[in-house]
Structure formats: C-alpha cells, structure tokens
Amino acid sequence: MNEYDSELVAGLLEKQNYTRADSSADAQLILLNTCSVREHAEEKIHARLSNLKVFKDKDPEVKIGVLGCMAQNLKEAILESEPYVDIILGPDSYRRLPKLLSEPEIAPENAVDTKLSRMEVYDDLFPARREGINAWISIMRGCDKFCTFCIVPFTRGRERSRSIKSIVEEVEQIRDDGFREVTLLGQNVNSFQHEGQRFHELLLEVAKIEGIERIRYTSPHPQDFDDDLIKVHIENPKICNHIHFPLQAGSDPVLERMNRTYTKQHFLDLANKMREQIPGLAISTDMIVGFPGETEADFQETLDVMRQVQFDAAFTFKYSSRPGTKAAEFTDTVSEADKQDRLERMIKLQREHTLLRNRQHIGETQQVLVEKDSKKSEKQHQGRTRSNKIVIFDKAGEKPGDLVTVKIVDAQGITLFGHIVD
Ligand code: SF4
C-alpha cells in the first residue's frame, strides 16, 4: 500500500514538473513515506531522518517531508524530535503537496496536515509507476475492523472504496503501459463496496480487460470471505489461485481479544473449502506470536492450525505494542524471550510446510509469467506461477512479460526450479 501511495505522490509531483533524482544527494525534495504498523518501522524512519539531515545542512533549500501513517500517528512529535523536517502529511493529505511546495517558505502552521477524510480515495489521480510486470492498484482505503493490535484504523481512517469505473480505467492504463499483472490493494480488500457493488463483482469487471493476464489482491479479511469470492476464483482463470489469508492467531481466546471476529474453526472451515474448490490453490498467511495473554497452550493452537492448513508461505511477527491501540492497554504481556522462542518454532514449522507444499509441484507443468533475470545467473530467468511461487529456469529466448510453460523438476526452500517445455 505504501509503494502504491509513493507512486501516487510521484504522479502528483510529475504533474508539477518534478523529475526523479538518482539519489538523495541529488534531490531537492526528499519525502519518506512511512509505516506505523510495527515499532521497528518507526525506529527506522527516525534513523533515516537523522541521516538525511546532512543534505539539508549542506543546502538549506532542500526540503524534507514525512508522509503516511507515521506522519498521521506522531504529527508534531516528529517536528519536536526532528525540527528540520519541512512537511508532515497524513495519508489523506497528499493533494496538499503541490500547493505547499509552491510556497517560497513553508509556514510552520501549514507544515502539518493529518486530517483524515471519509471521502478521499484519490480516484482521479494516477500514479507514476516504474516499468515492471505487476502494477499495484489501491481500490479502497482505511479500515473499520479495529483489530485491537492494529494502528491502521487510526492512521488511515474509515473504510471507503473507489468506483469500479475508475479502477477499470486505471487497469486499462497500466495494460497500455505494458503491465501484464495487477494486484488490487486494500487494508481489507474484500470489504470493497461501491454503490452496492461488491468485491467479487469488481474482480469480474477487471477480468474482462484484455491484455491483463493475471489478477491478484491483498489482503482479505477472513470474516468477509464469502462463496461469491470463491466462485470467481473457480470460474475465472485470470484470478490467480493464490489467496493471502491472514490467521494472526489460532486460539479462540486470543482471536477474541484481538477482535478478529472469527474463530479457529471458522478459519479452518474456510481454508478447507478454498483448497477443496479452487484447483492448485496456494494459501499464505500472517501470524503474530506473543500477543498479550498468549499462553503456551494458545500458541499450540496456532501451530495446530498451521499443521492442518499447511500454509504455502507465512509472514510471521513478534507482537509489537502500538500506543493508542486497545491492546497497548493490556498488562499481561509476554516476555521477549518467550516471543522469540515461539517465533523461532513457528518459522521452523513453516519452513517445513513451505518445502512440503513446493515439493508437491515437482513433475507438474506450470504456466509461468517471466519477471526478470534470476539473481544467481543471467543465463536464467525468474518467473512466477499463478499460485505465486517463484520459479527459476534456463532462458530460451523469452522476455519479461511472456507467459511460458515450465516443467518443475526441483524445489528448494521457497523456490521452484524447472525448464521450459513446448
Ligand atoms: S483488518 Fe487489518 S488493517 Fe484492519 S484493523 Fe485488522 S489488522 Fe488492521
């Protein structure tokens, strides 16, 4: 989402005749688009800002700005700790940027704008993207779910969706720019709703666009995952057979305290249904260990879900308290040592499952979208299956953006290996 927002801001600036600088040292304007979702991300921004100060010291004309969720969350506190920052704009205030930059001197009372909007979806602004195979498109903003660990509803505000018409126009534009794959983005993507039209209807409209070969989306919420959505996956081959399905925790008391609004069994039933009905489906997930009050028995429940679902991939995190959230008030915190221990056990199990799931593809032929040179050899290409698995194979005259058929012959870690077949 932040990558998309950065492209959106770049689009705004290009309209004002700004051009990209090759490095911070060459830039007249440096904007950091920030994330508040974990404490570590915020710490990195403070460190980055103090590194950037040297450019401002050398040339006081250089402007430095902080955009996004951290701007929203910390506001004036940033100006106190980093007083050389010129601009602080929350995620709904990017349109203010050209006007601010046109002022010879940014007045301190104008420097901070973090008002949240119930309407802003940047429907009429198209991002300035770099070339590539996949383009991100934000279809909705904000979140109304209020998971107790999450800062997003406070930094990105209430849920609101773009119109299907403007999303379709943007997909047509990225198709004309040479992109073959689109990933539809939303904090809670499957709660998309615009004038009575729902997420699966949007997917069907996007799938009609010729030249777009693959459609992905992230991240859905299990509570809003319905049969209509499963049906479009089954019936429309452009909608990829990979679903990112965030579990967060497997124990019902923890899920309830997280306000995730589903139970372990509901999650398992849905995951089973998806796997049964969508051919070759890969499921990835997000998990948090060490949420306040999580006992070893609770953690075992999470491992039990992992064993039952056998996720293809997982993003695993130690719980990080975010001031201002409900969970930050819970006092029964888990020790750092226990968090670390649980995280390591979780990662170990996930590695086994990833390898197990990947090995099941050996001997299959898969349609692969060529992305770029492999990191290890320029004689090989890297591409992706519809189920989002990375595949490495020897080049045979194809180019990025081509669809090729690859026979899978090996799987190691998160990577499949194969060779092109006719
Ligand atoms: S659904 Fe996602 S974005 Fe919304 S509050 Fe929960 S974790 Fe945060």
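**Note on the predicted model: strands, cores and ligand shell**

1. Thr365 has Lys407 as its bridge partner in S18. The two strands concerned, S15 (residues 365–373) and S18 (residues 403–412), run antiparallel and are joined by five bridges. The structure discussed here is a predicted model, and the points below should be read accordingly.

2. S15 also pairs with strand S16 (residues 380–385), again through five bridges and in the antiparallel sense. Within this pairing, Val368 is matched with Thr385 of S16. The connection between S15 and S16 is a hairpin, with six residues lying between the two strands.

3. A parallel pairing is found between strand S13 (residues 282–289) and strand S14 (residues 313–318), which share six bridges. One residue pair to inspect is Ser284 with its bridge partner in S14, Ala313. From S13 the chain passes through helix H12 (residues 296–309) before reaching S14, and the resulting β-α-β crossover is right-handed.

4. Beyond S14, the loop leading to helix H13 (336–359) contains Lys326. Is Lys326 buried, exposed or partly exposed? Its relative accessible area is 47%. Buried would require under 20% and exposed over 50%, so Lys326 is classed as partly exposed. The C-alpha atom of Lys326 lies 34 Å from that of Ile167, a residue 159 positions away along the chain.

5. The largest nonpolar core comprises 65 residues, and the members touching the most other members are Ile139, Leu184 and Phe199. Which residues does Phe199 touch, leaving aside those up to four places away in sequence? They are Ile139, Leu184, Val189, Asn190, Phe192, Tyr217 and Leu229. Ile139 and Leu184 thus appear both in this list and among the three members with the most contacts in the core.

6. Apart from the largest core lies another one, made up of 35 residues. Its members include Ile30, Ile45, Phe55 and Leu100. As general background, nonpolar side chains in soluble globular proteins tend to be buried together.

7. The ligand is surrounded by Cys143, Lys145, Phe146, Cys147, Phe149, Cys150, Val152, Pro153, Gln187, His221 and Arg260. How many residues of this shell are nonpolar, polar and charged? Seven are nonpolar, two are polar and two are charged. Lys145 and Arg260 belong to the shell, as do Gln187 and His221.

Note on methods
Residues numbered from 1 in each chain as written. Predicted model: local features only at pLDDT ≥ 70, side-chain atom pairs only at ≥ 80, totals over all residues. Heavy atoms only, no water. Core = buried A, V, L, I, M, F, W, Y, C linked by side-chain atoms within 4.5 Å. Buried < 20%, exposed > 50% of the residue type's maximum accessible area, 1.4 Å probe, protein only. Contact = heavy atoms within 4.5 Å. Near = heavy atom within 4 Å. Nonpolar A, V, L, I, M, F, W, Y, C, P; charged D, E, K, R; others polar. Pairing = 2+ DSSP bridges. Helix = DSSP H or I, 4+ residues; strand = E, 2+ residues; numbered from the N terminus. Right-handed = clockwise from strand over helix to strand, strands pointing away.
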